[in-house]
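User: Please take a close look at one helix in this model. I would like to see how that part sits among its neighbours.

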Amino acid sequence: MKPKRTILCVDDNEQALSIRKVMLETRGYRVLTCTGGAEALERFKKGGIDLVLTDLIMPGLDGTRLIEEIKNLSPQTPVILLSGKVKIYDRDSKADVFLPKGMYAPVELLERIRLLLVRKRGPKRVQPHVVHSPSRTTAA
């Protein structure tokens, strides 16, 4: 069995956070949750995070600043930015994907996560296929 991928979910709305956690865990992901950007950054620094899913507007360290810090530490870690307040994200962000809350289906979020994790891991390596031809021996 392949190891579970770990997703760090960050949102100051605990109800939204718990819904996302259940949805991702039922799809086989390991989910860590944080209710603030500073707490999430400290958790990220401990390592083992494959993808970050963060809200944009949070008190203290907001989503944009959290993403900047994460990308400075680990540029290859994919980050998805969510927002209920902003429909189109026009500020400069280092997020790999931006999704407006309530305007995407859960399956779209799951597919974006899957694609970002595949891209991070790289394509599956193709094993060279060696064809063994039966050796011909001649009887003397």
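**Helix H2 and the sheet beside it**

Analyst: Start with the sheet. In this predicted model, 5 strands form an open sheet, and their order is E2-E1-E3-E4-E5. The pairing is parallel. E2 and strand E5 (97–100) are the edge strands, each pairing on one side only. Neighbouring strands are turned by 20° against each other on average, direction ignored. As a general point, strands of a sheet pair through backbone hydrogen bonds, either parallel or antiparallel.

Two of the pairings can be followed residue by residue. E1 and E2 pair in the parallel sense over 5 bridges. Here Val10 has Cys34 in E2 as its bridge partner. E3 and strand E4 (residues 79–83) also pair in the parallel sense, over 4 bridges. Leu53 stands opposite Ile80 in E4.

Now the helix. H2 covers residues 37–45. Which residues of H2 are buried? They are Gly37, Ala40, Leu41 and Phe44. Buried here means under 20% relative accessible area. Why do these residues lie on the same side of H2? Because they cover an arc of only 100° around the axis, they are on the same side of the helix. The general rule behind such a pattern is simple: an α-helix has 3.6 residues a turn, so residues three or four places apart point the same way.

What do the buried residues of H2 pack against? They pack against three strands and a helix: strand E1 (6–10), strand E2 (30–34), strand E3 (51–55) and helix H3 (63–73). In the sheet order, E2, E1 and E3 follow one another. Just after H2, Gly47 takes a positive phi of about 90°.

Next, the surroundings. E1, helix H1 (residues 14–25) and E2 make a right-handed β-α-β unit. Along the sequence, the chain reads β-α-β-α-β-α-β-β-α. That pattern is made of 4 helices and 5 strands.

Last, the chain as a whole. It has 140 residues, and 40% of them count as buried. Take the contacts between residues at least 6 apart in sequence: 61% of these join residues at least 24 apart. The accessible surface of the chain comes to about 9,200 Å². Carbon and sulfur atoms account for 54% of that surface.

Back to the part you asked about. The buried residues of H2 are on the same side of the helix, and they pack against E1, E2, E3 and H3.

Conventions
Residues numbered from 1 in each chain as written. Predicted model: local features only at pLDDT ≥ 70, side-chain atom pairs only at ≥ 80, totals over all residues. Heavy atoms only, no water. Buried < 20%, exposed > 50% of the residue type's maximum accessible area, 1.4 Å probe, protein only. Helix = DSSP H or I, 4+ residues; strand = E, 2+ residues; numbered from the N terminus. Arc of directions from axis to C-beta. Contact = heavy atoms within 4.5 Å. Pairing = 2+ DSSP bridges. Axes fitted to C-alpha atoms, helices over the stretch in contact; angles between N-to-C directions. Right-handed = clockwise from strand over helix to strand, strands pointing away. Areas by Shrake-Rupley, 256 points an atom, 1.4 Å probe, with all protein chains shown as cover.
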